Structures are given as C-alpha cells and as structure tokens.
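Welcome to this short guided tour of a protein model. Have a look at the picture and the sequence first, and then we will walk through some of the strands and rings together.

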Amino acid sequence: MKFSLYILFFCTSVFAQVDYPKDYFRPPLDIPMQLSGNFGELRPNHFHAGFDLRTQQKEGLKVYAVADGYVSRIKISTFGNGKTIYINHPNGYTSVYGHLKMTNGEIENYIKKTHYKEQSFEIEMFFKPDEMVVKKGEIIAFSGNTGSSEGPHLHFEFRDSKTEFIINPMLFGFNKFLKDTKKPIVSGVYVYPLDSKTTVNHSKRPLLLNVSLQKDGTYLSNKVVANGSIGFGISAYDTDDVSFNNNGVFKVQSFYNGKPNFGYEFNTYSFDDMRYINALIDYSRYKKMQQRVQKLFMKTPYNLSFIQADENKGVLQVTPNLALLYRIEVSDFFGNKKTISIPIKYDILPTIISKEPVQSNYFVRGNKDSNFALGNMSVFFPAGTFYEDFDLNFDVKNDTLFLHDDTVPAHTNFTVSIEDTKSTELQKEKMFIGRIEGKKINYNPTYRKENVFNTKVKILGKYALVSDAVAPKISIAAPVEGKWISEQKTIQFSIYDELSGIKSYNGYLNGKWVLFEYDNKTRKLTHYFSDGIAVDGANDLKIVVTDNVGNSTTFETRFFRSQKN
C-alpha cells in the first residue's frame with residue numbers, strides 16, 4: 001500500500017514539473033478567446049479533452065495552425081469530433097482541431113481525392129512528416145458544427161505526440177488569452193454514510209449540507225454528527241470574466257485535520273482515464289437527478305491516474321474522542337479559490353431517514369466473474385466490469401430482460417445473450433438485441449451463433465430481441481425530377497431509419513459513385529456540385545441507404561444542369 005501510494009504521488013509530481021513551452025503556440029482562431037467548455041470538464045462518460053472555443057455562434061471562421069509542423073492525421077466522422085485535423089509539432093506535441101466545417105487548400109484537395117478513392121464519407125488518413133507540412137499561422141480549415149457538436153464551435157486539444165496523453169492548454173500559456181478573477185462556485189456539499197452501520201445527522205442516506213459565508217471569505221458548513229465511515233462530495237463549476245457560461249473546476253483538494261487526504265487537478269491524463277469519470281461522480285444521483293456530484297473518496301479503489309489520496313482513499317472513520325476538522329478547497333487555474341470547512345463530531349443518533357430500499361434478487365462482486373440466466377436469456381459480467389459490489393435486480397418477463405437499471409455504471413463491456421428457437425432463419429437475419437428506453441429502442445451491434453444472439457454493451461437496463469423488417473426512408477429537400485437546377489450549389493436528402501439505424505449511404509451520379517456528406521444530427525445527406533461530377537444536360541442520380549440489419553432503400557431521380565454558370 002505505501003509503495004503504491006508513493007508511486008501515485010511521485011507520478012503526479014513528475015507531471016506537475018514538466019516545463020511546457022509558454023510562448024510557442026498561437027491561438028487557433030483570430031478572435032478573442034471565449035470558452036464554452038474547458039479542460040477536464042465533466043461530460044457523459046468522459047472528461048473533456050481540451051477547450052471548446054466559441055466561434056460567435058457561426059460557422060466558417062478561419063482556423064490557423066498554432067505552430068509549424070505537419071498534418072499527421074485527418075479523421076472524418078459523423079460522430080465524435082466530426083471533421084478533425086491533427087498536427088504534430090517539432091517540440092513533441094500534437095495540436096487537434098475538431099468539428100470543422102471544411103479544411104483548406106492542399107488539405108481539402110487531398111481529403112476530397114481520398115473520399116472518392118475509398119468511396120466513403122467517413123475516412124481516416126495518416127501522414128509522414130514530409131507529406132503535408134504547415135507553417136504557424138497558416139489557414140488549415142474553417143470552423144464548423146460537424147460530428148457530435150451541439151452548436152458551432154472549435155474543439156481544440158494538445159497531446160503528447162508519443163504517449164497520446166492529453167494536456168491542459170493553459171499549461172502552454174493559453175491563460176494569457178483569458179481573464180478570470182472569479183472564484184469557482186460550489187453549489188452543493190454532500191456527506192455520505194459509507195456502510196450500513198453509519199448514521200449521519202439522523203440519516204443513512206447522503207445528505208446535502210448547509211454552508212454559510214464567513215467574514216474571512218471562506219465558508220462553514222453545519223456540523224456533521226456521525227459514527228463510522230463517511231465521505232464527502234461536491235457539486236461545483238467555474239466561470240471566468242469573458243466566457244459567460246459554467247465550466248469545470250481545475251483543482252479539488254480535501255484536508256483531514258490539516259493533512260491532504262484526497263484531491264486532483266486537471267493537468268494531463270490519458271484516454272484510459274476517461275470512463276473513470278463514472279467512478280469519480282455519484283453516478284446514481286447523476287442518472288436520477290442530472291446532478292454531477294464529485295466524490296472526494298474511493299469506497300473501492302479505482303485506477304484514475306491523477307487522483308492523489310491518502311491510505312484511506314479519502315474515507316473518514318468517525319470514532320469517539322477524536323477531533324475531526326475537514327476542509328475542501330476548490331480552485332481554478334488562475335488561483336482563485338473557494339474554501340469550505342466542515343466540523344465533524346462523533347455521536348450515535350437515532351435514525352430518522354433510513355437507507356434507500358433496494359429491490360434485488362442477486363448480488364454482483366465487482367472483482368469477480370458473474371453469470372446470470374433465466375429462461376432463454378443470460379448475462380455475463382467479466383471481473384472488473386463494475387467499480388463496486390452491488391445488489392442486482394435481474395428478471396425475464398414478456399420476452400424482455402430486466403437487467404437492473406442505468407444507475408450503476410459499468411466500466412467495461414459485458415455480454416447479453418438471448419436464444420431464439422421459434423423464428424425462421426430469414427426472420428433471424430433481421431433481428432438484433434435492442435436496449436429499450438421508454439418508447440425508444442437503441443440498436444446494439446449483434447452477432448449470432450446458430451440460435452443464440454449476443455451483444456456486448458456497457459449500460460444496464462431493459463433488453464429484448466427486436467425485429468426490423470422496415471427499410472430506411474429517403475426524402476428530397478426540394479424535388480428536382482425533370483427540372484433544370486443549374487443555380488443550385490448543392491442537392492440534399494433526408495434519410496432516416498426507425499429501428500436498427502443507418503449503416504451505409506451511397507450516391508451515384510450517372511453511374512459513378514459521388515460524395516454525399518452526412519450530418520447525423522439533422523439526418524441530412526448533401527452533395528456539393530463543386531465536386532465537378534455533374535455533366536451538362538441530363539443527370540441521373542441514385543441514392544442507396546442500408547440499415548444495420550440489411551434493409552435497403554433506393555431513390556432515383558433525373559435532373560438537368562448547365563455547367564456554364
């Protein structure tokens with residue numbers, strides 16, 4: 001235990017001592033920097049990997065290379081960061097630019113050729129150092145809203161080129177482009193009873209504490225009266241002077257009788273750390289109430305690299321004749337800090353609020369393999385699937401698998417299996433295991449071995465075999481059949497599939513494959529006539545859309561176009 005703690009603190013101190021270049025990189029935009037998301041911010045199933053830079057609520061702003069280097073990678077996806085450029089720099093760092101509308105110049109030409117070569121909109125390319133060189137301040141792209149973006153902005157990151165560790169842009173001097181004189185906001189402080197014997201302020205459930213401002217600018221909570229094991233959590237966010245929205249906090253540190261006992265700061269971390277956000281937060285509360293409470297303890301240890309914890313992992317043992325003073329400090333990168341002190345006293349109080357009842361018929365140990373089966377349905381949880389042990393509600397009713405609910409986070413995939421001996425072979429070809437969420441059915445990639453369907457998932461909930469015999473739908477934004485559309489710059493379609501979802505989409509103009517860009521958010525397929533594929537006079541267009549179980553729809557039309565415009 002002492003050795004592992006030493007390694008943890010040693011690694012953290014090594015990260016903190018890295019001398020990052022402060023004046024090497026320029027901003028990727030030429031407008032004043034405003035953040036709609038910062039580094040380490042808490043997001044669904046991950047920590048945010050960089051800055052989300054506001055682009056004045058519009059697309060098409062010039063995006064610049066932040067330093068000399070070469071384009072090492074380009075990825076075009078309908079999800080995630082959408083259209084993304086990666087630039088490797090001579091000093092060992094990589095800059096990343098995401099949600100782009102389009103790239104510029106030689107980069108755009110190469111991308112367009114690759115689309116047609118691979119006959120696919122979604123592509124990924126890697127380059128050698130001498131293949132696509134860029135200079136600092138060169139326009140490499142234009143900002144957009146592609147991928148999973150919820151509005152126009154530029155996603156921007158720094159990474160270590162060798163390790164792929166993500167690094168806070170503030171460490172490269174980007175703090176000088178932002179003014180921040182505001183302290184972080186702690187909107188809630190919570191105390192958790194951590195075993196069945198512990199009572200806190202008459203309660204066996206987590207409690208929200210009242211805090212009051214003191215004359216010295218710090219905050220003091222009401223007294224915590226407890227016995228046994230307890231832990232604390234906070235709900236917090238940060239603001240600055242120019243961005244006008246709530247972002248994540250940079251540093252959290254708790255102290256027990258003056259000694260650090262749990263903390264973290266968002267300097268750098270790996271992609272392997274991402275999903276541990278579900279262990280750091282009170283996941284159940286988040287799913288039930290949409291509140292992200294960051295727990296300042298580990299009831300069961302987990303491997304989040306940037307956590308600094310004492311031998312008790314932030315858990316406090318409240319015993320008789322022991323004075324306890326607990327303090328939480330929440331800071332931003334600029335040193336603005338909020339301090340909350342929590343007095344703790346030992347006493348055994350009668351329970352007024354009992355532990356929340358749990359309906360379950362099984363028990364899962366997080367560090368062991370578990371397999372459960374009823375009727376024709378089963379689930380296998382490999383060791384390490386869950387962060388903690390828990391009581392599992394597992395049942396099969398009306399051809400539906402009731403697998404607890406999404407208030408317990410899974411860290412890795414587990415397998416759901418359903419046997420079907422009634423359907424014909426033809427029927428089975430159109431079936432998949434879907435997760436049922438209210439009236440919505442979520443598709444999961446499903447593989448079949450004879451009569452048994454299997455899928456690997458990370459979410460607890462309701463599962464069932466779903467049949468999809470309905471082909472996707474295609475509709476054109478403005479009908480063009482038999483019309484001259486020489487003035488149009490694009491032609492656009494809407495595509496939709498109700499059950500299994502869209503797997504592929506292809507367009508053919510006069511018998512040749514033609515590029516259609518797909519926006520998953522709006523379900524729009526768009527072809528730009530600037531590609532130069534259309535011909536003078538009559539043009540025959542065919543669109544073929546296929547869903548995830550093989551149902552296919554074809555749309556055909558003929559339009560006329562003059563290329564002289």
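Two strands pair if DSSP finds at least two bridges between them. The strands themselves (E, at least two residues) are DSSP runs, numbered from the N terminus.

This is a predicted model, in which local features need pLDDT of at least 70, side-chain atom pairs count only at pLDDT 80 or more, and totals for chains, interfaces and linings use all residues. Residues are numbered from 1 along each chain as its sequence is written, and side-chain values use heavy atoms, with hydrogens and water left out.

**How confident is the model?**

pLDDT is the predictor's confidence in each residue, from 0 to 100. The chain averages 94, and 97% of the residues score at least 70. Residues 1-16 stay under 50, and for this stretch the model has 15 contacts (heavy atoms within 4.5 Å) beyond four places in sequence. Where pLDDT is low, the predicted coordinates should not be read in detail.

**A strand with several partners**

Why can strand β19 (residues 224-237) be called largely enclosed by the rest of the structure? Because 12 of its 14 residues are buried, where buried means under 20% relative accessible area, exposed means over 50%, and partly exposed lies in between (1.4 Å probe, protein chains only). The table lists strands that pair with β19.

| Partner of β19 | Sense | Bridges | A bridged pair |
|---|---|---|---|
| β14 (residues 185-193) | antiparallel | 8 bridges | Gly188 and Ser235 |
| β15 (residues 199-200) | antiparallel | 2 bridges | Val200 and Ala226 |
| β27 | parallel | 3 bridges | Ala226 and Tyr346 |
| β25 (residues 316-318) | antiparallel | 3 bridges | Ser229 and Gln317 |
| β23 (residues 294-295) | antiparallel | 2 bridges | Gly233 and Lys295 |

Now follow the chain onward from β27. Ile348 is found in the loop between β27 (337-346) and β28 (362-364). Is this residue buried or exposed? Ile348 counts as exposed, because its relative accessibility is 58%. The C-alpha atoms of Ile348 and Gly366 are separated by 31 Å, with these positions 18 residues apart along the chain counted as their spacing.

**An open sheet and a hairpin**

Elsewhere, 5 strands form an open sheet in the order β32-β33-β39-β35-β36, with antiparallel pairing. Its edge strands, β32 (394-397) and β36 (440-443), each pair on one side only. On average, neighbouring strands of this sheet are turned by 30° against each other, direction ignored (axes are lines fitted to C-alpha atoms, and angles run from 0 to 180 degrees between N-to-C directions). Strand β35 (residues 431-437) meets β36 over 4 antiparallel bridges, and Ile436 has Ile441 as its bridge partner in β36.

Strand β42 (residues 502-509) runs antiparallel to β46 (residues 537-547), joined by 7 bridges; here Ser504 is partnered by Thr546. β42 also pairs with β43 (residues 512-514) over 3 antiparallel bridges, with Leu509 opposite Lys512. β42 and β43 form a hairpin with 2 residues between them, and Asn510 in the turn has a positive phi of about 55°.

**Rings and charges**

Rings of Phe, Tyr and Trp (its six-membered ring) pair if their centres lie within 6.5 Å. The whole structure holds 45 aromatic pairs. One cluster linked by ring pairs includes Tyr20, Tyr24, Phe25 and Tyr93.

A charge sits over a ring if NZ of Lys or CZ of Arg is within 6 Å of the ring centre and within 35 degrees of the ring normal. Arg327 lies over the face of Phe255, 4.1 Å from the ring centre, and Lys542 lies over the face of Tyr508, 5.7 Å from the ring centre.

Notes. Phe/Tyr/Trp six-rings, centres within 6.5 Å; stacked < 30°, edge-to-face > 60°.
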